[in-house]
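Colleague: I'd like a close look at one part of this model, the sheet and whatever packs around it. Could you walk me through it in one go?

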Amino acid sequence: MNIRDFVDLKQLEEILISWSKATGMAAIALDDKGEYISGEIGCTDFCMKYTKGSEEGAKRCAKCDQEGRDVYFCHAGLMDFSKEIVVDGMHLGKIVGGQILPQEPNEEKFRAIAEELGIEPDEYIEALSKVHISSEESIRAGADLLGVVVNQLVANEYYQYKDKLATDHASASFENVVSYIHNINAYTKNLDKLEKNQKILALNASIESARAGEAGRGFAIVANKVGSLAADFGACNHQIKDELEHLMEAVGEITGQKM
């Protein structure tokens with residue numbers, strides 16, 4: 001099951017935007033295949049334009065994205081996070097982000113990183129100056145909160161989606177039941193005709209056996225058998241009608257419709 005099937009992605013993105021504005025952190029939602037299901041919200045030039053913009057930086061970022069769990073320091077010295085989206089044991093995607101500093105940066109350290117990545121140091125430091133700074137405790141708390149909120153949203157919409165599928169299936173099943181009831185009702189009307197024909201046949205057989213007198217004794221036995229079968233057939237048909245009537249009443253109570 002893909003998260004796109006049931007989650008309101010616009011609402012999810014609105015939550016990410018509000019959270020990003022409140023915390024100063026970046027956030028991106030991905031599905032279980034790693035494809036974006038939101039925009040790159042609150043992302044910094046330091047990460048997206050410069051660090052990932054360099055060949056070596058992109059390789060290191062990809063490694064961090066693959067191996068990073070919970071809240072962690074990335075290769076470039078910023079704090080990032082990865083929060084799994086899980087419902088009923090199913091992994092449906094994750095929220096990744098961060099791109100934030102837990103303290104004032106050591107400029108020399110970041111100049112050295114710029115040299116390693118082949119990035120112009122002054123431009124790198126200028127981009128670094130625009131990265132939001134917050135305490136590590138606040139960063140971890142903010143990431144945890146976003147993980148909880150997103151998982152609650154997804155779980156709520158997942159269960160609503162499942163309920164709707166179940167309701168639609170039940171409605172379809174009831175429609176089938178109603179159709180079957182109407183078909184059976186039509187069959188019982190045909191059985192009524194057969195019952196009448198059997199009774200007429202039994203009556204005619206009795207009359208013919210009486211006319212035949214002694215010679216019609218064997219014919220009379222057959223006539224009695226036909227009459228007995230007609231009676232049994234009628235009783236069975238009436239029982240079917242009674243059960244059908246009870247079934248129609250039960251379905252009517254469930255659906256709220258008079259059958």
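Modeller: Here is a walk through the sheet, its edges, the helix lying on it and the packing around it.

Keep in mind throughout that this is a predicted model. For orientation, the protein chain has seven helices and four strands, and along the sequence they come in the pattern α-β-α-α-β-β-β-α-α-α-α. Of the 259 residues in the chain, 37% are buried. If you look at contacts with a separation of 6 or more, 64% of them join residues 24 or more positions apart. The chain exposes about 15400 Å², and 53% of that comes from carbon and sulfur atoms.

Now the sheet itself. Its four strands make an open sheet, ordered 1-4-3-2, with antiparallel pairing. Strand 1 (26-31) and strand 2 (70-73) sit at the edges with a single partner strand each, so each has one side without a neighbour in the sheet. Going from one strand to the next, the twist averages 20 degrees.

Take the strand 1 edge. Strand 1 pairs with strand 4 in the antiparallel sense, over six bridges, and Leu 30 is placed opposite Lys 94 of strand 4. Being at the edge doesn't leave strand 1 bare: six of its six residues are buried. Ala 26, Ile 28 and Leu 30 are buried on one side, and Ala 27, Ala 29 and Asp 31 are buried on the other, so both faces are covered.

At the other edge, strand 2 pairs with strand 3 (residues 79-87), again in the antiparallel sense, but here over four bridges. In this pairing Val 71 faces Phe 81 of strand 3. Remember Phe 81, as this residue comes back below.

What lies across the sheet? Helix 1 (residues 9-23) does, crossing strand 1, strand 3 and strand 4 (90-100). Helix 1 runs at about 155 degrees to strand 1.

That brings us to the packing. In soluble globular proteins, nonpolar side chains tend to be buried together. In this model the largest nonpolar core has 27 residues. The residues with the most contacts inside that core are Ile 3, Leu 16, Phe 81, Ile 95, Leu 146, Val 150 and Val 154. Helix 1, strand 1, strand 3, strand 4 and helix 6 (136-212) each put in at least two residues, and helix 6 gives the largest share, eight residues. Val 150 is a handy one to click on: leaving out residues up to four places away in sequence, Val 150 touches Leu 12, Leu 16, Ile 85 and Ile 95. Apart from this core lies another, of 19 residues, which includes Tyr 72, Cys 74, Ile 113 and Ile 119.

Next, the rings. Searching the whole structure turns up six aromatic pairs. One of them is Trp 19 with Phe 81: the ring centres are 5.7 Å apart and the planes stand at 80 degrees, so this pair is edge-to-face, given that the class needs planes over 60 degrees apart. Trp 19 belongs to helix 1 and Phe 81 to strand 3, so the pair ties together parts 62 residues apart in sequence. Both partners fall under the 20% cut-off for buried: Trp 19 has a relative accessibility of 8%, and Phe 81 has 1%.

Another edge-to-face pair is Tyr 158 with Tyr 159, at 5.3 Å centre to centre and 65 degrees between the planes. Here the burial is split: Tyr 158 counts as buried, at 5% relative accessibility, whereas Tyr 159 is partly exposed, at 38%. Those two tyrosines also join Phe 6 and Tyr 161 in one aromatic cluster.

One last stop, in a loop. Lys 52 is found between helix 2 (45-51) and helix 3 (55-67), and is partly exposed, with a relative accessible area of 30%. Again leaving out residues up to four places away in sequence, Lys 52 touches Cys 47, Gly 57, Ala 58, Cys 61 and Asp 65. From Lys 52 to Ala 62 the C-alpha to C-alpha distance is 8.8 Å, with their positions 10 residues apart in sequence numbering.

Methods: Residues numbered from 1 in each chain as written. Predicted model: local features only at pLDDT ≥ 70, side-chain atom pairs only at ≥ 80, totals over all residues. Heavy atoms only, no water. Pairing = 2+ DSSP bridges. Axes fitted to C-alpha atoms, helices over the stretch in contact; angles between N-to-C directions. Contact = heavy atoms within 4.5 Å. Buried < 20%, exposed > 50% of the residue type's maximum accessible area, 1.4 Å probe, protein only. Areas by Shrake-Rupley, 256 points an atom, 1.4 Å probe, with all protein chains shown as cover. Core = buried A, V, L, I, M, F, W, Y, C linked by side-chain atoms within 4.5 Å. Phe/Tyr/Trp six-rings, centres within 6.5 Å; stacked < 30°, edge-to-face > 60°.
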